[in-house]
Structure formats: C-alpha cells, structure tokens
Amino acid sequence: MAIDLRSDTVTKPSPAMRQAIATAEVGDDVFLEDPTVIRLEEHTAELLGTEAALFVPSGHMANQLGLRVLGRAGDSVIAHASSHIFEYESGAPSAVSGLAPRFIDTPDGTFAAADVADLLQPRNIHHSRNRIVVIENTHNRCGGVVWPQDQYENVCVFCRDHELSVHLDGARLWNVCAATGTPPSRWASQVESVTVCFSKGLGAPVGSALAGSRAFIDDARFFRKMLGGQMRQVGIIAAGALYALEHNRERLVEDHANAQLFTKLVNEAPGLSCIWPDTNIVVIDVLDHTILAQQIVDDLIAEGVLVLSMGERKIRAVTHLDVSADQCRQAGEIVQRVMQQLVN
Ligand SMILES: Cc1ncc(COP(=O)(O)O)c(C=O)c1O
C-alpha cells in the first residue's frame, strides 16, 4: 500500500469516528436545531476562548467569511505573499469581498510589526483603507512554521493600536498548540477572527470553524447563508469533527516526531535538503538543479511514496494520523534510494 504524504487532509475516518458519525443526534441546523453542531460550536468556542463559533464546510470558507465580515470592498488586506488565502483560495478575497491585497514576503511565513507598518498607507482619497492583517499559523507553504509567541503578540498589539483587524488562519492551530504546549485560547484571544480546521491533522472527513465575538459570528452566519453554505442535518458530519476535537489533538506530537524522523533521512539523501520542521509539514529543497522536483515526485510515486511538488525546486511531504513512524522511516529510505539513482 502506498505511503501517502501528500497532505494531512487525506486521512480516512477511523471505526470509532464512523461510529460517532453513525449515531449522531441531528436536527435542522438552519433552524439552529442540530444538537451535535451546537455542541461542536460551543466546544470549539470554549477551547478558543471566544464568545461563539460557526461550523463551515471548509477552511477556505471560514477564512473568506472572516475577511468578508471584517472588511469592506476597497479595503486593504495585508498578508504573507504565499498565504493560503491568496495562493489557494481561488482569488476569493478580491472576488467575494473586493479587498485589495498587500503582501509581505519573508522566507518562513512570519513577519514583524515593522513589516506591517511599512505597508500602511496614509488616510486620504488616494489609498485603500488599511483594514485587515492575516496571520497564518502554522504557515503551510513555508513548511508548517510556528510563529514565535512574542512576535505574534507584538504584531497583534501593533494592529490593535492602528485599528487593524487581525484574522488568524489557524487551519493548523492545533499543531501549534501541540508543538508549543500553549492553549488555543492564548493565540485566539489576540485576534478578531480565527479559522480552525477539523479535517487536517485532527482527521475528520469534513469541516472547519470560524470563531470570534457573538456579533462577528452572527454576521458570518449571514454571509455563510448568502454564499449558500448553510446546511441542514449537518450533525452527521459535525459528529466526526467533534470526535476529532475530543480525541485527536494530543496525538499531533506523534506527527511532528514522524516529520522529524523523515526529515533526518531526507537530509542524508544526495541532492536534497530540508529545514528541521516545527510541526507536520516538511518542505524539501531540490539542491541539484539538473533534476526537476516533478521527476523526483514521479519516481517516488513509482516506489509507493506519494508527495507533492511545489514548483520546480520544492517538494512537500506531510505526516498525519494515517501514517506510522515505521512508514515515515520507510518513506525516508525510499527517498534516499531514489535520489542515489537520480544523482548517479
Ligand atoms: C493554512 C490553510 N488555510 C486554509 C486551508 C483551507 O482548508 P480547506 O481545504 O478545508 O478549504 C488550508 C488547506 O490546506 C490551509 O493549509
């Protein structure tokens, strides 16, 4: 069987999760009558220390609802140049909310208050209004990087002082908490709007949440309906998310250890190098410029290791609850073998 390291979204529900799904109590969530959704939203808000949370089909929708509530057409949104909201969300900040992007580019996906300050525009008739800053933690494309707590808090304080709203794309905030031992509320308390996902490291088949103040979530519920994201007896899928939240947060440290095990082996392979991962995402740099990333990916697929290329010189591998330490070791050894063949 293939060792699938393409993403932590590829996991399949376990028998116990399927049991929770099969026996979920349900009701019509558009009438606010689905007890499982209510429990999931309350539990999520409790963990994040926010007044409320809203269950949504995807992290993409949670992010875009956050931006839609916080900004008006023509406002600016400052984000990292390779942030998920701009790289992988189909142009939605502009299409759905009419927001004007302003980018900060750094190698690791984190930035400082001074970087935000550099992009602020004077308040006059010429410029878009400075409105939203997006922080992605962990940062996906930069390799599952965890923001240093001080740096994160400095940026948030700066934003508060300058009347900027902060949206936290915490699709993998659970990984941040597992890696640092900090509670999710510590990160969420600094910002207006938070996305968290249940369908990544936590292993639920579907679902994410947006969290914030009661008034913020009331607005988000309105825009979710506007976009057709309201769902009926959705406790069927919320049950998987609730099971994931209750059972799979603590074990994320195993995924991080497996990512490190894999990294150690990849770093011994000729022609490749990767930075030590903070969490479960490993970005592999192809040092030998005579070989394209896709060629390596194709050879690995032929050997039963599934990974993704990110452009011509980078490959991404992600550990998750459906790959064991043994499989990660095996995958690392296969990478070594494939590279020895390609380099010679
Ligand atoms: C940082 C980040 N934000 C948002 C998302 C979007 O989540 P979804 O695939 O549920 O739309 C992803 C997906 O990988 C992500 O990595």
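How far does a polar side-chain atom of Arg-172 lie from an oxygen atom of the ligand? The distance is 2.7 Å. Keep in mind throughout that this is a predicted model.

**Stop 1: the ligand**

Select the ligand and show the residues around it: Ser-58, Gly-59, His-60, Asn-63, His-84, Glu-89, Glu-136, Asn-140, Asp-169, Ala-171, Arg-172 and Lys-200. Arg-172 supplies the contact just described, through its side chain. Next, show the backbone of His-60, where a polar atom is 2.9 Å from an oxygen atom of the ligand. Then show the side chain of Lys-200, which has an N or O atom 2.8 Å from an oxygen atom of the ligand.

**Stop 2: the seven-stranded sheet**

Switch to a cartoon view and colour the strands β2, β8, β7, β6, β5, β3 and β4, given here in their order across the sheet. These 7 strands make an open sheet with mixed pairing. Its edge strands are β2 (52–56) and β4, each of which pairs on one side only. On average, neighbouring strands in this sheet are turned by 20 degrees against each other, direction ignored.

Select residues 76–80 for strand β3, in which 5 of 5 residues are buried. β3 runs parallel to β4, joined to it by 5 bridges. To find this pairing, pick His-80 and its bridge partner in β4, Ile-104. β3 also runs parallel to β5, here with 3 bridges. For that pairing, pick Val-77, which stands opposite Ile-132 in β5.

Now move to β7 (residues 193–197) and β8 (residues 208–212), an antiparallel pair joined over 5 bridges. Cys-197 and Ser-208 in β8 stand opposite each other.

**Stop 3: helices on this sheet**

Add helix α7 (149–161). Select also β5 and β6 (165–170), the strands that α7 touches as it packs on the sheet. The direction of α7 makes about 170 degrees with that of β5.

Then select residues 214–226 for helix α10, which lies across β2, β7 and β8. α10 runs at about 20 degrees to β2.

**Stop 4: aromatic pairs**

The structure holds 6 aromatic pairs. Begin with Phe-111 and Trp-147, whose rings are edge-to-face, 4.9 Å centre to centre with 85 degrees between the planes. Phe-111 is in the loop between β4 (100–104) and α6 (113–119), while Trp-147 is in the loop between β5 (130–136) and α7. The two residues are 36 residues apart, and their pair links distant parts of the chain. Both Phe-111 and Trp-147 are buried. Add Tyr-152 and Trp-187 to the selection: with Phe-111 and Trp-147 they form one aromatic cluster.

Now select Phe-222 and Phe-223. Their ring centres are 5.2 Å apart and their planes stand at 70 degrees, so this pair is edge-to-face. Which of the two words, buried or exposed, applies to Phe-222? Phe-222 has a relative accessible area of 52% and is therefore exposed, since exposed means over 50%. Phe-223, at 12%, is buried.

**Stop 5: Gln-121**

Go to the loop between α6 and β5 and select Gln-121. Gln-121 has a relative accessibility of 17% and so counts as buried, the cut-off being under 20%. Not counting residues up to four places away in sequence, Gln-121 touches Arg-102, His-127, Ser-128 and Asn-130. One of these, His-127, has a side chain joined to that of Gln-121 by a polar contact of 3.2 Å.

**Stop 6: the four-stranded sheet**

Finally, select β9, β10, β13 and β12, listed in sheet order. These 4 strands form an open sheet in which the pairing is antiparallel. β9 (272–274) and β12 (308–309) are the edge strands, each pairing on one side only. β9 pairs with β10 (residues 281–286) over 3 bridges in the antiparallel sense. Pick Leu-272 to see one of the bridge partnerships: its partner in β10 is Val-286.

End with helix α12, residues 252–267, which lies across β9, β10 and β13 (314–318). α12 runs at about 150 degrees to β9.

How values were computed: Residues are numbered from 1 along each chain as its sequence is written. This is a predicted model: local features need pLDDT of at least 70, side-chain atom pairs count only at pLDDT 80 or more; totals for chains, interfaces and linings use all residues. Side-chain values use heavy atoms; hydrogens and water are left out. Two strands pair if DSSP finds at least two bridges between them. Contact means heavy atoms within 4.5 Å. Axes are lines fitted to C-alpha atoms, for helices over the stretch in contact, and angles run from 0 to 180 degrees between N-to-C directions. Rings of Phe, Tyr and Trp (its six-membered ring) pair if their centres lie within 6.5 Å; planes under 30 degrees apart count as stacked, over 60 as edge-to-face and the rest as tilted. Buried means under 20% relative accessible area, exposed over 50%, partly exposed in between (1.4 Å probe, protein chains only). A residue is near a molecule or strand if one of its heavy atoms lies within 4 Å of it. A polar contact is a pair of N or O atoms within 3.5 Å; within protein, one must be able to donate a hydrogen and the other to accept it, and residues adjacent in sequence count only if both atoms are side-chain atoms.
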